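The following note sets out a few points for a colleague's consideration. Please read them alongside the sequence and coordinates shown here.

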Amino acid sequence: MDRVETRELECFVAVAEELHFGRAAERLGIAQPPLSRTIARLERRLGVRLFERTSRRVELTPAGSVFLAESRRALDAMDSAVHRARRAAGRQRLVVATRPGTGPGLMARTVRAYERLPGAVPVDVVFTHDQVGALRSGAADVGLMCGTHDLDGMTAVELAEEPSVVLLPPDHRLAGRPAVTFAEVAREDAYREHCPADTLDRIVELVSLGRLIVVVGASAVDRIGTAVVAVPVSDAPATRLVLAWPDGGPHPARTSFVRAAEEAAAGRRHLDRAS
């Protein structure tokens, strides 16, 4: 079988996601007839039907569904290769991906400790809600995240565990309690199981307005000010903070950064026990 071309994969993914040749052609910036010919040629190369077509709809076949998942992985790998090659050609930097509000004190201590090391390279901290995606694409070298992510194909070290707190408006009926249970929090109309993909400042604003109640790691308490109240959730599992990076070859700057993060986390635990 001839090698499938990247452009053919892009055309297939567009049709598979749109399930409409006209919309897929518009998305790709090409006319519909050449797109149809590209898909037909791809099916001939593979020897399988990828789509079931009628005059009213387009659907993926079972083979098409499998090929879609693999095509996305192949295109992601190509993007990652481009990212890594471009960064290797430029001045060396260490890019760290994290979500806004995730372990802010730990991140600051780690960056300061790393930058004091001999041979340290400049550190860029990228704030994103898809740390794993940034690592897989090569846009970041290491990510600080909660340990609930899908970390297949990555190495991770656990840095810390944070107790969970619920963010409440100051006048909320639970705000004056020394602790609450998860069941009490979950009954609230404004409770959301997942934190919105937004900045911590915006989340605090929504909580203060009574539009949101959410459980977060206790490290966020240092940054919430007086607009909201943080109450411990007695039976919620602790949040695990991990540092993760893709499996692969050595990266001296990343190795030193991971060591600095482990030492910063150990120092924080020592201070917590002392207090």
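1. Val215 is partly exposed, with a relative accessible area of 23%. Residues count as buried under 20% and as exposed over 50%, so a figure of 23% places Val215 in the class between the two. The model is a predicted one, and this value is computed from it.

2. As to its setting, Val215 belongs to strand β8, which spans residues 214-217. Beyond its neighbours within four places in sequence, Val215 has contacts with Ser164, Val165, Val166, Val185, Tyr191 and Val233. One of these partners, Val166, lies 49 residues from Val215 along the chain, yet the C-alpha atoms of the two are separated by 4.2 Å.

3. A second element deserves comment, namely strand β3, residues 94-98. Five of its five residues are buried, so β3 is largely enclosed by the rest of the structure. The burial applies to both directions: Leu94, Val96 and Thr98 point one way from the strand, Val95 and Ala97 point the other way, and all are buried.

4. Which strands pair with β3 in the parallel sense? One is β4 (residues 123-127), joined to β3 over five bridges in the parallel sense. Within this pairing, Val125 of β4 is the bridge partner of Val96.

5. The other pairing to record is with β5 (residues 142-146), where the sense is again parallel and three bridges are found. Here Thr98 of β3 has Leu144 as its bridge partner in β5. Both Val96 and Thr98 are among the residues that point one way from β3.

Conventions
Residues numbered from 1 in each chain as written. Predicted model: local features only at pLDDT ≥ 70, side-chain atom pairs only at ≥ 80, totals over all residues. Heavy atoms only, no water. Buried < 20%, exposed > 50% of the residue type's maximum accessible area, 1.4 Å probe, protein only. Helix = DSSP H or I, 4+ residues; strand = E, 2+ residues; numbered from the N terminus. Pairing = 2+ DSSP bridges. Contact = heavy atoms within 4.5 Å.
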